[in-house]
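Trainee: I would be grateful for a close look at one part of this model, the sheet and the helix that packs on it. Please then relate that part to other sheets and to the unusual backbone sites.

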Amino acid sequence: MCGKRHKCSFSRLEVVLIVFLVLMIAVTVALLVLHFLTQENSSSNDYDDPLPTQKPSNGVSGGYLLGAGRADCTGPVAEIPLMGYANPDQVGGGLLTRLYSRAFIVAEPDSSKRVVFVSIDIGMVSQRLRLEVLKKLKSKYGELYRQDNVILSGTHTHSGPGGYFQYTLFWITSKGLIKPSLDAIVKGIVKSIDIAHQNLKRGRLFINRGTVENSQINRSPYSYLQNPASEQSRYSSNTDKEMVMLKMVDENGHDLGLISWFAVHPVSMNNTNHLVNSDNVGYASLLFEQEKNKGMLPGEGSFVAAFASSNLGDVSPNTKGPFCVNTGESCDNPQSTCPVGGAAMCMAMGPGTDMFDSTRIIGQNIYSKAKELYANASQEITGPLSSAHQWVNMSDVQVELNATHTVKTCKPALGYSFAAGTIDGVGAFNFTQGSVEGDPFWDQIRDQLLGKPSNETKACHEPKPVLFSTGEMTKPHPWHPDIVDVQIATIGSLAIVAVPGEFTTMSGRRLREAVKFEFDSHGTAGMDVVIAGLCNVYTHYITTYEEYQVQRYEAASTIYGPHTLSAYLQLYRGLARAIATNTVQDLPSGPEPPFFNITSFTLVPAVVPDRTPVNKTFGDVLQEVRQHYRVGEVAEVTFVSANPRNSAENMTEHNFLTVETYVNGSGKWQVVRNDASWDTRFYWTKGSLGQSNATIEWHIPNGTEPGIYRIRYFGHYKKILMPINPFEGISSTFEITSL
């Protein structure tokens, strides 16, 4: 290190790091230049005329009007960075399961009040995404669905396409704002709400709770232990094991859908994965929907099952815990480091043999508990609907801790341990968790390239050593949001607290207690309070004040400073009080968030014209299936392919594959699997000069009927000065035997 010396020499590692840093800055500069060159007005509304507002009949005795809807929001599955691990090398290269938006509408019998809850198979809901959706809803439904009664919640899968943010920080690893990705999610959300709106019918709601075992660990137990011992003693675990399940049936008792809230990170699929998928909670949704929609393919059928996120901030599904991948010894220590290799070697895994198996096991556990709770749900939800919402400048909230002490939140900033990542996905350059001091080397590079944090910001965030002072970085747009949504919706005795980020276990417990206490104190006792995570705008993590002091990853990513949780407790108590006292109309709406004038700018390369090998056409088979397979084996075929982005960017919905069985007697082929099925995998391999291959795998599951099968592949190719054209390929037939 140089320190204060005038002359110094750098080690080889330091030179490499500096070069890498400069390359990152070059990428950022390229993004900014591209942004200014391509800036244009927002695109016009591309929806048809608004649907007529449904007018349900009045006078229903008890119950609600209920509607559920599901729509595809997958978007491009190739060449787009995946959102979650912030790993620029983790780009889409195919499809494991499709991503869906699942919408639920609850309306009072006279249709006077409504609540909409949408769970989306994406990393998180961005502010840009929410603003786009609200704009579309207003154009279709007027004031029926608004910012106060519509909750958008991301499941937090780390295996969905990115590129749907308007704040600069998220452009770096997502390579900008990617219009096909943003549009697919917006259209999917709006379509799912449309379907739920059209399906409204009289029905009843039931709630149930239960414990999910063997499906989670606390990935920052050292942070959790900083909370008061008296508080910890009130709980049997350092994670919330309770699942809350809301069951929906029509007036005749027929199943409509469910929403489950359970705290676990959907990171069973790790940061080496390149297949777009919905991870463990998405697999649970697929299992439940296939159970209820008998005879239907994934994505089909009227029953909708959402497994939504909750206070999952410090909760991992990798139940074997952290181990040094090079030595096998435990690295469950305050810094999550290994004796050899440091923090980069410390990773958590399990419970399965690989990430696919782990996803299946955790998803199965969650599904099984939800199935049990659904079957036994008997506590009915009744009562009026209400919703309260405010926009808040979270960079400047005055918080009254008690009668004599007032503190405030800070401008956004990320600490050193943010760069360390977690045991679910390690960071770069061997940064370590638990860093409460900066490093002169990195400080110097940051100051020269990005600007020096102000003394005010550094003091406000103590003991966090500021790595990136994002609240003071504004070019070409702010790097982090200041204006944040806070929202509560109540359905009878159920209060859904929509939070804009990832609350840790103890933060979530304090929030639920605070909201429940506020309702109890104002004549609305007995409320069931659930936290819906990653809603409306993404603001990273929210730790307790005590957890913040030791600055592991979650604390370093608590961007509004040590009093962030206290600010949220104050704000959500205010919303609960307004609902309980029927004074929601008196709440100030707060400062509206910005809608930046961006349509699309990205460093993702344009799709080049597709080409085939000599004497081949699109869809030709390059590697055939075998003639015979047994249950448990993998049928595999490779085709001459074209870029999958041709399909995603030019078709509303597209299926890349089907598995079909020959039906004796009818002489017809019947589809038994599609590309949303868990046991099919679509891999796309990019070659040179526009050539590419697609490999389709079918992992033949137990229970598969013996018979004759084939695999079909569907794509679209692009030629110079020609429209995009569809094509398909078909494998040879093969026989499956049970043993």
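Mentor: In this predicted model, strand 25 (residues 483-491) runs antiparallel to strand 26 (residues 494-498), and 5 bridges hold the pairing. Within that pairing, Ile 491 is placed opposite Leu 494 of strand 26. Helix 11 (residues 505-521) packs on the sheet and touches strand 25, strand 26 and strand 28. The direction of helix 11 makes about 140° with that of strand 28.

The sheet itself is open and has 4 strands, ordered 18-25-26-28, with mixed pairing. Strand 18 (385-393) and strand 28 each have a single partner strand and stand at the edges, so one side of each lacks a neighbour in the sheet. From one strand to the next, the twist averages 15°.

Strand 28 (528-532) also leads to an unusual backbone site, since the loop between strand 28 and strand 29 (541-542) contains His 540. His 540 is not a glycine, yet its phi is positive, at about 65°. Most residues other than glycine have a negative phi, and most peptide bonds are trans. Is His 540 buried or exposed? His 540 counts as buried because its relative accessibility is 4%, which is under the 20% cut-off.

A second non-glycine residue with a positive phi is Leu 721, at about 60°. Leu 721 sits in the loop between strand 38 (707-717) and strand 39 (725-730). Leu 721 counts as exposed because its relative accessibility is 86%, and the cut-off for that class is over 50%. The two sites therefore fall into opposite classes, with His 540 buried and Leu 721 exposed.

Cis peptide bonds form another group of backbone sites. One joins Gly 350 to Pro 351, with omega near 5°. Pro 351 belongs to the loop between strand 16 (346-349) and helix 8 (355-376). Another cis bond links Glu 462 and Pro 463, where omega is about 5°. Here the proline, Pro 463, lies in the loop between helix 10 (455-460) and strand 24 (466-468).

For another sheet, consider the open one of 7 strands in the order 7-2-3-36-37-33-31, where the pairing is antiparallel. Its edges are strand 7 (160-161) and strand 31 (621-623); each has a single partner strand, so one side of each is left without a neighbour in the sheet. In this sheet, strand 33 (residues 634-640) and strand 37 (residues 692-699) run antiparallel and are joined by 7 bridges. Val 640 has Asn 693 as its bridge partner in strand 37.

A parallel pairing is found between strand 5 (residues 114-120) and strand 6, which share 5 bridges. Gly 154 in strand 6 is the bridge partner of Ile 120. Between these strands the chain passes through helix 2 (residues 127-141), and the resulting β-α-β crossover is right-handed. How many residues of strand 6 (residues 150-154) are buried? The count is 5 of 5, and strand 6 is thus described as mostly covered. Val 150, Leu 152 and Gly 154 point one way from strand 6, while Ile 151 and Ser 153 point the other way, and all are buried.

Methods. Residues numbered from 1 in each chain as written. Predicted model: local features only at pLDDT ≥ 70, side-chain atom pairs only at ≥ 80, totals over all residues. Heavy atoms only, no water. Buried < 20%, exposed > 50% of the residue type's maximum accessible area, 1.4 Å probe, protein only. Helix = DSSP H or I, 4+ residues; strand = E, 2+ residues; numbered from the N terminus. Pairing = 2+ DSSP bridges. Right-handed = clockwise from strand over helix to strand, strands pointing away. Axes fitted to C-alpha atoms, helices over the stretch in contact; angles between N-to-C directions. Contact = heavy atoms within 4.5 Å.
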